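User: Please take a close look at a single strand and its surroundings. I would like to know how the strand is placed, what it pairs with, and what its neighbours contact in turn.

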Amino acid sequence: TKLILLDSLLQEESKENASFRDVGRSVNMSTDEDIDWEVVKSLVFGVGIRETVFERWLQPFQFFKEEPTALVQHSGGPCAVLAPIQAFIIKKCLQDNIQNLQNLSSDTVNCLLLSALCEILRMCRPANRVITLARVSSEVANAWEDSLEVYSPKRLKCGNVDVDTLHTCLSLETFQTVTNLRKYLDDNKIFGSKYDIVCFLYSVILTRGPTRIINERQDMEESLIDPVHGHGSQSLVNLLITGSATQNVFDGTRDLCGMDLTGITSKSEIGFLSYLECLRYLEVGENLKSPKNPIWLLGSETHLTLLFSRDTRLVQPPSPREKAVLAFKELDSEQSGFIPTTELKTILTKLDLFSEQEYVDIMKEKVDPDGMGIILMSVFLDEFFPEFGSGPPDTFTLLHYNGLTKPSGTGKYIKGEAVLLEGVQGRAENNQMLQTLQTKWPGIVVDWDTEPSIN
């Protein structure tokens, strides 16, 4: 009887809203692509996903009582989705100049959440596709779980669906504009079940297009979620903060044995800093280190947290000298502190400086007086960019978010007062947080109200 009820609910919902469709079958989402749900399953969860991993990804959008704008993460794994959403919530708070984040009503917080979700979907949407919203209605979800109580004791124990059954419970609706999507979300209670995170992830995947995401990753084998450990991949993180699912964090493109690898091609809305850079496993480029907003995801080996500030000077446009440093480092691929003298014309051209050959020959003698065939960065900067410019502030306030629930945890943002030491690198031994921050600000030290953790 309960299975019949579930089927009737699916059919009734389809009749009530013709734009919703049962996704147990292929649905035409664009002019040239039908959904292959086996491809989607492999893309998102890989092959042989553990039941416990899938369970960890089933949780609703919830906020801490003590910190109304801070999303709760109940289990390891979903931080790859929750932390980017949190970043866009904070971005909206900064844009609207909301000073007191502790005294917001639930309606205001819900509006902030919907704004964040809409902005991510807008960012991920290519020009030739509609925005797709995936959801599991509360009626269908409740009826489906009731049916498990009768027919599947094993699933009753975990109380969750498997991936294939989730697909049969999903309903899709498409929107031509973000305005229409937002109106629909305002008029209907879509979120509030344990399927929130997974449904939003599917919305992003179907809006961006599975084929496009596979091509952007340049790796057919890697899934967005590790099927064994449940961690989100760098491709998933990049997708949610830049709109592109590249697996790399360096700037632009790089050649690897004749194959072009794509990184981050423009300055991102939300930044990213990684502890793995301290371990020399990767190099985060300036497009992520210096985002448009003073908000950064912080990546440890297994978790994502968030750092933000109200001080917009932290993301002001770079000075001419800072631009010169970036251009020099691009040519100094080994980070050795010098470039060949033969590259002088190249860097002058890149920086829009006078670069006629006769002038270049004269300047070579000034920046390489000993004829060593190299140009030191300090010498180049002193010659062409002696003015230091404004640069970042010497002191500023930081706030840190870690959504993972812990014993006696309140989810409150941890406040820290930062100081940039001139020419000095603060001691960071056994301090992963400080080591990570020093990949952006080498001379930073922070006095935290409570010691934060990036794990």
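Analyst: What follows starts at strand E7 and works outward to its partners and their ring contacts. The model is predicted.

Strand E7 covers residues 295-299, and 5 of its 5 residues are buried, so the strand is largely enclosed by the rest of the structure. In a regular strand, side chains alternate between the two faces of the sheet. In E7, Ile 295, Leu 297 and Gly 299 point one way, Trp 296 and Leu 298 point the other way, and all are buried.

E7 is paired with strand E6 and with strand E8. Strand E6 (residues 271-274) runs parallel to E7 and is joined to it by 4 bridges. Within this pairing, Gly 271 has Trp 296 of E7 as its bridge partner. Strand E8 (residues 304-308) pairs with E7 in the antiparallel sense, over 5 bridges. E7 and E8 make a hairpin, with 4 residues between them. Ile 295 has Phe 308 of E8 as its bridge partner.

Phe 308 leads on to the aromatic contacts. The structure contains 12 aromatic pairs. In one of them, the ring centres of Phe 308 and Tyr 413 are 5.3 Å apart and the planes stand at 85°; the pair is edge-to-face because that angle is over 60 degrees. Tyr 413 sits in the loop between strand E11 (395-401) and strand E12 (414-420), while Phe 308 belongs to E8, so this pair ties together parts that are 105 residues apart in sequence. Both Phe 308 and Tyr 413 are buried.

A further aromatic pair, formed by Phe 328 and Phe 380, is tilted, with 5.8 Å from centre to centre and 45° between the planes. Phe 328 lies in helix H15 (residues 320-331) and Phe 380 in helix H18 (residues 377-384), so here the parts tied together are 52 residues apart in sequence. Phe 328 and Phe 380 are both buried. Ring pairs also link Phe 328 and Phe 380 with Phe 384 and Phe 385 into a cluster.

As for disulfides, a search of the whole structure finds 0. Cys 169 is one cysteine without such a bond: the nearest cysteine sulfur, on Cys 199, is 9.5 Å away. Cys 169 is buried, at 3% relative accessible area, and Cys 124 is buried as well, at 0%.

To return to the strand: E7 is largely enclosed, with E6 parallel to it and E8 antiparallel.

Conventions. Residues numbered from 1 in each chain as written. Predicted model: local features only at pLDDT ≥ 70, side-chain atom pairs only at ≥ 80, totals over all residues. Heavy atoms only, no water. Buried < 20%, exposed > 50% of the residue type's maximum accessible area, 1.4 Å probe, protein only. Helix = DSSP H or I, 4+ residues; strand = E, 2+ residues; numbered from the N terminus. Pairing = 2+ DSSP bridges. Disulfide = S-S within 2.5 Å. Phe/Tyr/Trp six-rings, centres within 6.5 Å; stacked < 30°, edge-to-face > 60°.
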